[in-house]
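Student: I am new to this structure and would like a close look at a single part of it, namely the aromatic rings and the charged side chains around them. Could you take me through that part slowly, in one connected answer?

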Amino acid sequence: MADVISVIGDGLRDAFLMAWEVWWALVLGFAISAIVQAWVPRHRIEAALAGDGLPPIAKATGFGAASSSCSYAAIAIAKSLFQKGASAASALAFQFASTNLVWELGLVLWVLLGWQFTLAEYVGGLIMIGLMWGLLRLFVSPRLEEEARRHAQEADSGHQHQAASTELSWRERLTSTAAWSDVAHNFRGDWQMLWKEIGIGFLLAGSVAQLGDDFFNGLFIKDAPPVVTAIENVIVGPIIAVLSFVCSVGNIPLAAVLWSGGISFAGVMAFIFADLIVLPIIAIYRKYYGWAFAMRITALMFVTMVLAALAIDGLFSLLGLIPSGGRPSRSDIFGSIQVDYKLFLNLLGLAVFASLFWLTMRRGVTDPVCGMRVDRAKALTAQHDGRTYYFCSQHCRDRFEANSDDHAGGGASRLRSSSTPETTWSYPTSAE
């Protein structure tokens, strides 16, 4: 029992140390993402993504890269775009970009694994989008795409948040409390969506690290020709990702442990790419689009992830960019707390985090239906028993008005405990 307690303690310690390593990068990445989400109106995005062809795909990639990295938010926004006329290729390109080309993911990868992995993530994301676009019709016919669109239009819309009403220039936004309130609420919304994913990712990384190298030596083929090793690793990597249930930024800590344990460069990249096909997300695809479309796009994404990881491995091998030499040790990955630049960056990150959350407390109020924090100056409202209630979306206000006594009496917690993944996690930008 003492040994078990010691191992658990070591796992928790390593999880905390890894969180310490990347805290400032997470805060900075989420802050940049929140600024873009709050200040780029979504109606412009929706209008730009209709139709097929290179221009919509390129625009979807750019808009996705500027959005939140949350996989659940990405698929909710993509579904909304698909409902409103975006092609399946554009919607999937948006998903790939918003989970592989975003600031916070690149920063955390750089801190934990090095710049080569950040570059591979960005280049690989673009390769996946290109492969998806080229292979789409092998998996999804035009008829099935239209059936999926009708299914999505009939599905529950979930949270489509109220648009920000203020139209300001970028210079005016920098000095506007209301504009920064939009940023703060997007920042808080992203953390509300991802704190469990990130926390579980760190805990898994800390726990798996205690298994030792023998575990990884048995899991991945190492003593074989490089081609065989790479192929086995890029297949096993996504399977581990699917079974771990961890996606978005949360899978980077575990990727660092896998790299330390011996998985190949291609295997690490395939593992990171696979955050859009974890089991809970496949279930949401089924609800949004029906089983046929869900299974086909899941197969399509798996193929593109494997091929992109192999392509990145070959390209980086050719260019000599794959990290060589000894793998990082456990102490290298998890680091330590010292009086150095990371201490001051983390303190700065804590100050930014606290300031933005304070702004949501000052100007915000809780939606009684879903529990999200919204800006009372811009939220939708309803009256009940002489009291004003504030809502993140028309969806939540309609549910309140349909059963106002329950929600006004504290029904929000009961609703959240029984809500579907899409309504629990879907928190698109407030700037529609």
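Tutor: In this predicted model, the count of aromatic pairs comes to 17. One of these pairs is formed by Phe82 and Phe293, whose rings are stacked, with 6.0 Å from centre to centre and 15 degrees between the planes. Phe82 belongs to helix α4 (residues 71–83) while Phe293 belongs to helix α16 (residues 291–319), so this pair ties together parts that are 211 residues apart in sequence. As for their surroundings, Phe82 and Phe293 are both buried.

A second pair has another geometry: the ring centres of Tyr288 and Tyr289 are 5.8 Å apart and their planes stand at 75 degrees, so this pair is edge-to-face. The angle decides the label here, because planes over 60 degrees apart count as edge-to-face, whereas planes under 30 degrees apart count as stacked. Tyr288 and Tyr289 are likewise both buried. Beyond these pairs, one aromatic cluster is formed by Trp23, Phe187, Trp191, Phe353 and Phe357.

Charged side chains also meet these rings. The ring of Tyr288 has the charged end of Lys79 over it, 4.7 Å from the ring centre. In a similar way, Arg149 is placed over the face of Phe82, with 4.4 Å to the centre of that ring. Phe82 can therefore be followed in two directions, since it is stacked with Phe293 and also has Arg149 over its face.

Arg149 leads on to the salt bridges. Side chains of opposite charge can pair when their charged atoms come close. In this model the count of salt bridges is seven. Arg137 and Glu145 make one of them, and their closest N and O atoms are 2.8 Å apart. The two partners differ in their exposure, for Arg137 counts as partly exposed at 40% relative accessibility, while Glu145 is buried with a relative accessible area of 4%.

Another salt bridge joins Glu147 to Arg143, at 2.6 Å from N to O. These two residues both lie in helix α8 (residues 142–154), where they are four residues apart, or about one turn of the helix. Glu147 is partly exposed, its relative accessible area being 32%, and Arg143 is exposed, with a value of 57%. There is also a network in which salt bridges with shared partners join Arg137, Glu145, Glu146 and Arg149. Arg149 thus appears in this network as well as over the face of Phe82.

For a salt bridge elsewhere in the chain, one can turn to Arg13 and Asp14, whose side chains meet at 3.1 Å, N to O. Arg13 is partly exposed at 45% relative accessibility, whereas Asp14 is buried, with a relative accessible area of 7%.

Finally, some aromatic residues are found in a helix that is itself enclosed. Nine of the nine residues of helix α14 (residues 265–273) are buried, so this helix is largely enclosed by the rest of the structure. Among its buried residues are Phe265, Phe271 and Phe273, along with others such as Val268, Met269 and Ile272.

Definitions and conventions
Residues numbered from 1 in each chain as written. Predicted model: local features only at pLDDT ≥ 70, side-chain atom pairs only at ≥ 80, totals over all residues. Heavy atoms only, no water. Phe/Tyr/Trp six-rings, centres within 6.5 Å; stacked < 30°, edge-to-face > 60°. Buried < 20%, exposed > 50% of the residue type's maximum accessible area, 1.4 Å probe, protein only. Lys NZ or Arg CZ within 6 Å of the ring centre and 35° of its normal. Salt bridge = Lys/Arg side-chain N within 4 Å of Asp/Glu carboxyl O.
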